[in-house]
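User: I have a model open and would like to go through some of its features. Please keep the answers short and show the reasoning.

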Amino acid sequence: MQYLERGMNQEYHRKKGQENIMRIVLMVCASVSILGIALICVFLFANGIPGMAKIGFGHFLGGTVWRPGNNLYGILPMILASICVTAGAIVIGVPIGLLTAIFMACFCPKRLYRFLKPGVDLLAGIPSVVYGFFGLQVVVPIIRSTAGGAGACMLAACIILGVMILPTIIAMSEAAIRAVPPAYYEGSLGLGATPERSVFKVVVPAARSGIFAGVILGVGRAIGETMAVIMVAGNQAVIPGGLFMGLRTMTANIVLEMGYASGLHREALIATAAVLFVFILLINLGFNLLKRRDDRR
């Protein structure tokens with residue numbers, strides 16, 4: 001009996017030691033992630049705020065002219081361009097992605113699902129430069145031939161970004177819908193609702209938390225995308241004038257000029273990155289607030 005108790009105690013202490021080790025490992029990993037974010041914040045703001053102060057916060061954030069050669073550093077056109085392109089990507093990508101996820105989770109035949117699911121996963125693995133090349137060779141010529149102009153414009157950027165965020169929205173929305181207990185759907189059917197009404201009125205609202213998370217990640221990718229936007233947006237540092245006019249986002253502005261920038265020009269680009277960082281944080285905060293308010297209901 002003593003040997004049995006001793007063995008049980010040893011086994012307990014061994015498992016307890018393993019749990020403590022894993023707890024420490026997980027804490028270290030979480031600390032590294034937090035430290036990485038903190039270092040990024042320190043770098044951006046320590047190098048960006050002095051540049052904003054030299055230019056003037058009002059002139060930098062509200063200026064409409066970006067001419068580094070004349071010491072004019074107004075990023076309002078790039079801010080508005082980023083907002084417009086992101087909004088366009090949401091309008092295009094979110095409805096298509098959500099409806100696709102609903103179809104895959106609730107209505108898709110198994111034979112078709114075997115091909116559709118790998119196709120969606122493949123979209124997530126395509127490099128952004130390939131999306132940009134597709135837009136440059138296919139989307140831009142179509143817009144040029146139908147609407148005139150150069151073709152590289154806001155609409156082209158919105159279409160490409162809308163396609164690029166589809167895999168994220170589809171994957172997370174489908175997972176959230178499949179996580180809803182089957183009793184919700186079956187109970188709605190038992191009360192006399194049609195399958196379609198049961199899905200859209202019961203299952204999808206129950207999965208809204210995961211759907212919101214997918215939308216947030218998709219928006220984060222859209223606003224942070226660079227290469228594809230550079231290839232199809234026209235790269236004109238002007239206030240967006242319409243769907244068929246060229247524009248330049250904040251990410252594109254940084255990538256296009258950071259290679260040769262120096263002095264105040266370089267500080268202005270780092271300040272642009274800081275503004276972009278704050279912009280993404282505000283968008284995520286806004287979505288999270290909406291999500292919490294929706295969950296309380």
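User: In which loop is Asn-235 found?

Analyst: This is a predicted model. Asn-235 has a phi near 55 degrees, a positive value in a residue other than glycine. Most residues other than glycine have a negative phi. As for its place in the chain, Asn-235 is in the loop between α11 and α12.

User: Is Asn-235 buried, partly exposed or exposed?

Analyst: Buried means under 20% relative accessible area and exposed means over 50%, with partly exposed in between. Asn-235 has a relative accessible area of 22%, so the residue counts as partly exposed.

User: Asn-71 also has a positive phi. Is Asn-71 buried or exposed?

Analyst: The phi of Asn-71 is about 55 degrees, although the residue is not a glycine. Asn-71 sits in the loop between β1 (66-67) and β2 (72-73). Its relative accessible area is 54%, and the cut-off for exposed is over 50%, so Asn-71 is exposed.

User: Which element gives the most residues to the largest nonpolar core?

Analyst: That core has 39 residues, and Ala-156, Ile-160 and Val-232 touch the most other members. The elements that give two or more residues to this core include α3 (76-107), α5 (128-147), α6 (154-164) and α11 (227-232). With seven residues, the element that gives the most is α6.

User: Which residues does Ala-156 contact, leaving aside its neighbours within four places in sequence?

Analyst: Ala-156 is one of the three residues that touch the most other members of the 39-residue core. Leaving aside neighbours within four places in sequence, the contacts of Ala-156 are Val-139, Val-140, Ile-143, Gly-151 and Val-232.

User: How many residues are in the other core, apart from this one?

Analyst: The other core lies apart from the largest one, and its members include Leu-44, Phe-60, Ile-75 and Leu-276. Its residue count is 23.

User: Is Ala-261 buried or exposed?

Analyst: Ala-261 is in the loop between α12 (250-258) and α13 (264-296). Not counting residues up to four places away in sequence, Ala-261 touches Arg-266 and Leu-269. Its relative accessibility is 13% and the cut-off for buried is under 20%, so Ala-261 counts as buried.

User: Which three residues supply 53% of the area that domain 1 buries against domain 2?

Analyst: The domain assignment gives domain 1 (1-55) and domain 2 (59-295). The contact takes 12 residues from domain 1 and 13 residues from domain 2. The two domains bury about 1,100 Å² between them, 83% of it on carbon and sulfur atoms. On the domain 1 side, the three that supply 53%, more than any other three residues, are Leu-44, Met-52 and Ile-55.

User: With which residue does Glu-267 form a salt bridge?

Analyst: The count between domain 1 and domain 2 is one salt bridge. Glu-267 falls within domain 2 (59-295), and its partner falls within domain 1 (1-55). The closest N and O atoms are 3.2 Å apart, and the partner is Lys-54.

User: How far apart are the end C-alpha atoms of residues 75-108?

Analyst: In an unreviewed entry, UniProt lists residues 75-108 under "transmembrane region", along with 21-46, 120-143, 149-170 and 268-290. In the model, residues 75-108 are 94% helix and 0% strand. The distance between the end C-alpha atoms of that span is 46 Å.

Methods: Residues numbered from 1 in each chain as written. Predicted model: local features only at pLDDT ≥ 70, side-chain atom pairs only at ≥ 80, totals over all residues. Heavy atoms only, no water. UniProt positions renumbered as here; feature names shortened; annotations may be inferred. Helix = DSSP H or I, 4+ residues; strand = E, 2+ residues; numbered from the N terminus. Core = buried A, V, L, I, M, F, W, Y, C linked by side-chain atoms within 4.5 Å. Buried < 20%, exposed > 50% of the residue type's maximum accessible area, 1.4 Å probe, protein only. Contact = heavy atoms within 4.5 Å. Domains from an automatic or database assignment. Buried area = accessible area lost by both parts, 1.4 Å probe. Salt bridge = Lys/Arg side-chain N within 4 Å of Asp/Glu carboxyl O.
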